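This report describes the fold, the domains and the chain contacts of the model shown below.

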There are 4 protein chains.
Amino acid sequence: MHDTKKILAVTGIRSEYDILFPVIDGLRQSPDFDVEVVVCGAHLSAQHGDTQTKILEDGFVIADRIDSLYATERLTQRPKGISALISGLSQTVERVKPDFLLVVGDREESIATALVGNYMDVLVAHIGGGDPVFGNADDPVRMAVSKLAHIHFATAEPYAENLHRLGEEAHRICFSGTPGLDNIVNEPHIGLDKVSDFIGTALHDYVVVLKHPLSSEQADAAAQMRVTLQAVSSFCQQHHFKAVVIQSNSDPGANAMAEVTQSFRSDACVFCHTLPREIFVNLMRHAKVLIGNSSMGILEAPTYGLPVVNVGHRQQGRLNAGNVEFVEYDVGLIQSAIQKAALDGAYRETIKQIRSPYGDGHAAQRIVDFLSAIERKDFAKWHMKRQLVG
Amino acid sequence: MHDTKKILAVTGIRSEYDILFPVIDGLRQSPDFDVEVVVCGAHLSAQHGDTQTKILEDGFVIADRIDSLYATERLTQRPKGISALISGLSQTVERVKPDFLLVVGDREESIATALVGNYMDVLVAHIGGGDPVFGNADDPVRMAVSKLAHIHFATAEPYAENLHRLGEEAHRICFSGTPGLDNIVNEPHIGLDKVSDFIGTALHDYVVVLKHPLSSEQADAAAQMRVTLQAVSSFCQQHHFKAVVIQSNSDPGANAMAEVTQSFRSDACVFCHTLPREIFVNLMRHAKVLIGNSSMGILEAPTYGLPVVNVGHRQQGRLNAGNVEFVEYDVGLIQSAIQKAALDGAYRETIKQIRSPYGDGHAAQRIVDFLSAIERKDFAKWHMKRQLVG
Amino acid sequence: MHDTKKILAVTGIRSEYDILFPVIDGLRQSPDFDVEVVVCGAHLSAQHGDTQTKILEDGFVIADRIDSLYATERLTQRPKGISALISGLSQTVERVKPDFLLVVGDREESIATALVGNYMDVLVAHIGGGDPVFGNADDPVRMAVSKLAHIHFATAEPYAENLHRLGEEAHRICFSGTPGLDNIVNEPHIGLDKVSDFIGTALHDYVVVLKHPLSSEQADAAAQMRVTLQAVSSFCQQHHFKAVVIQSNSDPGANAMAEVTQSFRSDACVFCHTLPREIFVNLMRHAKVLIGNSSMGILEAPTYGLPVVNVGHRQQGRLNAGNVEFVEYDVGLIQSAIQKAALDGAYRETIKQIRSPYGDGHAAQRIVDFLSAIERKDFAKWHMKRQLVG
Amino acid sequence: MHDTKKILAVTGIRSEYDILFPVIDGLRQSPDFDVEVVVCGAHLSAQHGDTQTKILEDGFVIADRIDSLYATERLTQRPKGISALISGLSQTVERVKPDFLLVVGDREESIATALVGNYMDVLVAHIGGGDPVFGNADDPVRMAVSKLAHIHFATAEPYAENLHRLGEEAHRICFSGTPGLDNIVNEPHIGLDKVSDFIGTALHDYVVVLKHPLSSEQADAAAQMRVTLQAVSSFCQQHHFKAVVIQSNSDPGANAMAEVTQSFRSDACVFCHTLPREIFVNLMRHAKVLIGNSSMGILEAPTYGLPVVNVGHRQQGRLNAGNVEFVEYDVGLIQSAIQKAALDGAYRETIKQIRSPYGDGHAAQRIVDFLSAIERKDFAKWHMKRQLVG
């Protein structure tokens, strides 16, 4: 009898699911694994597009749905969400008895999953450790998750080294690259006309805006969004560009940002909720510039050869392939940076040649292979972490 | 007006409270601080001696009581306890608005407190980080707490260095020693007759047994206790010693251990619930050997000049002053080790001379001074952790 | 020394707080009572206007804030909200040690409060029992709350009789009338010009729309709102009326309704978030018709002499003073009903003369007097419910 | 295709599971039903015998295990347990999508289940409503559950009438009798020698003691147990009886009672944990008297023809077949009552002839038949409760 190993993947928001998807898709195609998914957080919120339906459409078994997003913007939102998730996930893990828990990143689901795995004797595989980004409450959480997880898939080579310096044993660390790039490699090309149809506006030259609130700057969220949109709108009107503005994540401050975008009036700007992956990838393929502070600018834009204007301090500390300019919240500075990114031919040419430090779009296969190689008879060894420091 | 800073200390079990006590006692005596205590876990359990009453007797303000100990021994017990604690503590922190959260060790309350502080913008001061002990589900948690906490009080100099190697910035780390030793230094001496009265048995030559279950060896808990008691009992009967056996903590396996002790019949053994600190300290002062696997053997016994027989694998990886012998679960081996520890005069003399690596019994003052020196105007700097690796 | 009794009032949403306000305002003005408020649910949601600020402005002490509104529209939303509230409220009650818990209505906070009081030996005073409305998941909850509460303030005389028939002892039941009417009696008159300024549109002849989703008809929420708005808009355009459309509550279906209102385009319609009480009361005083399915139409509109068009089945079973017409979801039928209510002089005159069965606007004083008369020495008797049936 | 209906039964403690067992056993033997069980509370506690194993041995599918028993005796224990159970059960119900929730009695699981069913559109079938017992925090809960449940199985005919008077519609009410009696009818007879073997003491003439704490008299729990044991012990020593003392349930006060029993020394008394059903039933068949305050004395003892001495006020208000004498906490009074019950031949003969008002031991079949007759096409009608009062 083939010894199938059971994977329970945990996901809380669409952006993170997009990174997870190539991995769990690869795992279910392997004869070595059974995959089920725990869905929580913003996936279960109508206001955030009820994106659990996407997971069902992708054909995954949903092991449980766990409400973990409170309708508040107070600082209690996230710890209480973790509380709800730990409790619900413990119930699921006891029933499903997975061999591995799988989780991505630095959000609430990462630490909840790592803790449940640690206390309930389930191996935790974590994608995205060792990333030295700082400035957000998420960042120390990512490090804490690394100290709890048993298996680390690093998205960049220097991040794998960081994990080693954090005291993680070498055999637990695999440089896979980020699976987000797998989507770019895998997704069929669609013409700009079809993307335009979906968006509902004819797109030729355009920029994309993707801006999230920063927990440490929550009070400024509305003002930050306003300055950004003013700069984007001025640039677009002057140069006959359009701007596609995509809804923020669910972090505290997001509501204030949404109110600004909903009341912002500019012929140049189109506002969208979450987009299907095939539209999103092709929207990025045809875009001229990405503006905002999404991790996409750092992690995925190099693979698109796309220049990025990162407004504000989110994403600092991370490996930058050279395609990202950091600017302060100043309409003039942002506008100049967009102008260079969108119109300076030499600069754009350099960025097209950039090689991404975040892998080659074949992360999922590396992750599947690494997990396949872990044999049940060695589980006890994998469980026992010897917490030596580097 | 004096700028008093508010400290919210979190404690879940008597053994941990004993370490915390000298610190919060020092803080409330300083004009710089207001102290309140959140009480959770085993403190609220009649079965564990309802030790919240001790905290009230010590005169502290209890900010809230948070139930976080489920009456189960399944692996869900601890993550669900963390869940309850995070939720309740978030509620408390929002109301009390402390400047610092203070917590000790590696138990559920340490990670719950560190997460609440991280997400709710409260500085977290942690006592006991950088300790490389391994083998228990608690151990990776201790490391995760260190990556989340803002201020570290290390109980040994090499542990302070470990924190630095984990990527914690030097200015956040203070080698204070363990405050557990402060109790030994501070506690008035009581004669053995009074200790005997309290225990209810006349004590002359005696050993103390303090044995906890290990999460990774839960299924063996009863057997481990039985073997230990058999060895202790044989030794005692042979050499006219008594053994004072103190109740285990509340971890999974504790119930099984309790059943063994309750049904164990030996004239040499006396069984006690949690003891008041003044009795406990003096019981240790007069004891000949400590047997079991309590952290006391590593951390506090050197200060008493007390030989320790550590049965099993708990506590491995930790700094050992030289007073601890590790033995396997074998009646003969345990008995021999006790014999050497209790009766070998030269060995006992060496141990009396040992210098503890865990400080000098003045940890509390160092902690108070360190926290006093952190000025409110610098809080933002203290909040922003730059997660560099060593 | 005066024996002050401590009241802990629990509130989860603005509409309910408006009913509670005259009561807790009366209680704090009495020398017999100390009042604190627990704030939960939609009060803590930015999306619902962050109405906890209103409670602070009204000068009440907030004992604790308890997150109990999950950002989902799934059926789990409400039981999980109750779960969070019971847990948080138990923590608060243990700290505050109130003599009475006070709560209004049939929402999640009513059953959570009644259960906490029942198990924690605190007398529960409930406003709004015995109301035989049915059709919503809230309705059986109201009855369950009555079986748990110790003191009942009924909003109508037949409802007091219903409580008696449910087996509640006569001495526990007080017909106070609804405190919502106290606001109408107490609120100073403001001219239509000032109301118009606040709303941002010049109002002359206008109707008010206040429509909530029904849990048993959640899937139809959007369609129900659309039909209603179409009828309202047609009527208004034909007769030069305006319609002031006020945001729904937070029940499942509310999001779908909000999307309809946000995308509905009609020059006749103005959309508002929650309004301050002084604006709301005066908006109703000057309105021609109330349309929708708010309990206001049944409970408060008679006091304004205001005709109501109740669209759909919510509110059925309740005492109707004669001012309410029930219509199905049909544009034509709704429009005809509005026409009669707004323009039929004889009908309007009858309604002006109606006497409200819901009291005289002096409910708060009756409630304060009743609670004042309960002496501490009799608490034990008040606690012991003898659950006889009618 | 046969339309199988899915039943999710919820159970939290062994005594309640014994009542539930004949029903879910009957349901799974019917082709109309699939049965799964949610296990919570004391079933999951090693201290209470880890009785979930019994449910597994009986061959039921456990849908989920939900921790809902906190290790505390504070008044927070039960509301917080309900909180944990509502949250976990909502997760289970969303996944399992049962047609019916089934629950017994007045404990935490009854109200948690009724609330989850009410809000999540699942029909709730409740066994044990309409019982007018009072004096405990459970009692109003039972009534609240009746106002929420959709289908009522009454254990006595007058209780069915009470439900009707509470406003429950006649078609929802079925007088089934208590399924606890089915066990007595179904359980094969075992000789006293085998029972003695199991208990570990040779039994001839003996009484059984089953005493639970009362929430409203928690502080007196230890004293109540002591007085009871003293009376029992005196009687037994004088008349050469034995007493089999069975462990209390998990309510607050149980710990204090356990400490008394554990330290009570009497040659006449044997102390047991929870017993297997076949032993328990036969122990009762051969017993002379039942002493304490268990509901068994009221509900099941008549079927055994067994006289009962009910010590204290628990169980007052309930139908008494005539086999129960109520006595105060007084050693002399208790002893006299035992003497009459054990040795007065005429009295004992009367009680043997008693007919139980709690049914004939065929409750399970009536329940299965009633639920079988509810057709899926009528579910909507069964959901909509019209809350008329009697």
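## Fold, domains and chain contacts

Chain A of this predicted model contains 17 helices and 13 strands. Along the principal axes, its C-alpha atoms occupy a box of roughly 65 × 45 × 40 Å. The radius of gyration of chain A is 21 Å, which agrees with the value near 21 Å for a compact globule of 390 residues. Buried residues make up 61% of the 390 residues of chain A. Of the contacts in chain A between residues at least 6 apart in sequence, 71% join residues at least 24 apart.

Chain A is split into two parts, domain 1 (5–179 + 361–383) and domain 2 (190–353). Their centres, taken over C-alpha atoms, are separated by 27 Å. Where the domains of chain A meet, 24 residues of domain 1 are in contact with 20 residues of domain 2. On the domain 1 side, helix 1 (residues 14–29) of chain A provides the largest share, 3 residues. That side of domain 1 consists of 10 nonpolar, 10 polar and 4 charged residues.

An unreviewed UniProt entry carries the annotation "domain: UDP-N-acetylglucosamine 2-epimerase" for residues 27–371 of chain A. The end C-alpha atoms of residues 27–371 of chain A are 9 Å apart, and the span is 45% helix and 17% strand.

The contact between chain A and chain B takes 38 residues from chain B and 38 residues from chain A. On the chain B side, helix 3 (77–96), helix 4 (108–119), helix 5 (138–148) and helix 6 (157–165) each supply at least two residues. Helix 3 of chain B gives the most, with 9 residues. The side of chain B that touches chain A has 20 nonpolar, 9 polar and 9 charged residues.

The table sets the composition of the two contact sides described above next to each other.

| Contact side | Nonpolar | Polar | Charged |
|---|---|---|---|
| Domain 1 of chain A, touching domain 2 of chain A | 10 residues | 10 residues | 4 residues |
| Chain B, touching chain A | 20 residues | 9 residues | 9 residues |

How are chain D and chain A related by rotation and shift? Chain D superposes on chain A after a rotation of 180° with 0.0 Å of shift along the axis, at an RMSD of 0.1 Å. The two copies are therefore related as by a two-fold rotation axis. In chain D, the C-alpha nearest this axis belongs to D:G88, 3.3 Å away from the axis. Because 100% of the interface residues of chain D are also interface residues in chain A, the copies meet through the same surface.

Notes:
Residues are numbered from 1 along each chain as its sequence is written. Chains are lettered from A and ligands numbered from 1 in the order in which they are written. This is a predicted model: local features need pLDDT of at least 70, side-chain atom pairs count only at pLDDT 80 or more; totals for chains, interfaces and linings use all residues. Two residues are in contact if their C-beta atoms, placed from the backbone, lie within 7 Å. Helices (H or I, at least four residues) and strands (E, at least two) are DSSP runs, numbered from the N terminus. Ala, Val, Leu, Ile, Met, Phe, Trp, Tyr, Cys and Pro count as nonpolar, Asp, Glu, Lys and Arg as charged, and the others, Gly among them, as polar. The radius of gyration is taken over C-alpha atoms; the globule rule is 2.2 Å times the number of residues to the power 0.38. A residue is buried if 20 or more other C-beta atoms lie within 10 Å of its own, exposed if 12 or fewer, and partly exposed in between; C-beta atoms are placed from the backbone. Copies are superposed by least squares on the C-alpha atoms of residues with pLDDT of at least 70 in both. UniProt positions are given in the numbering used here, feature names are shortened, and annotations may be inferred rather than shown by experiment. Domain bounds come from an automatic or database domain assignment.
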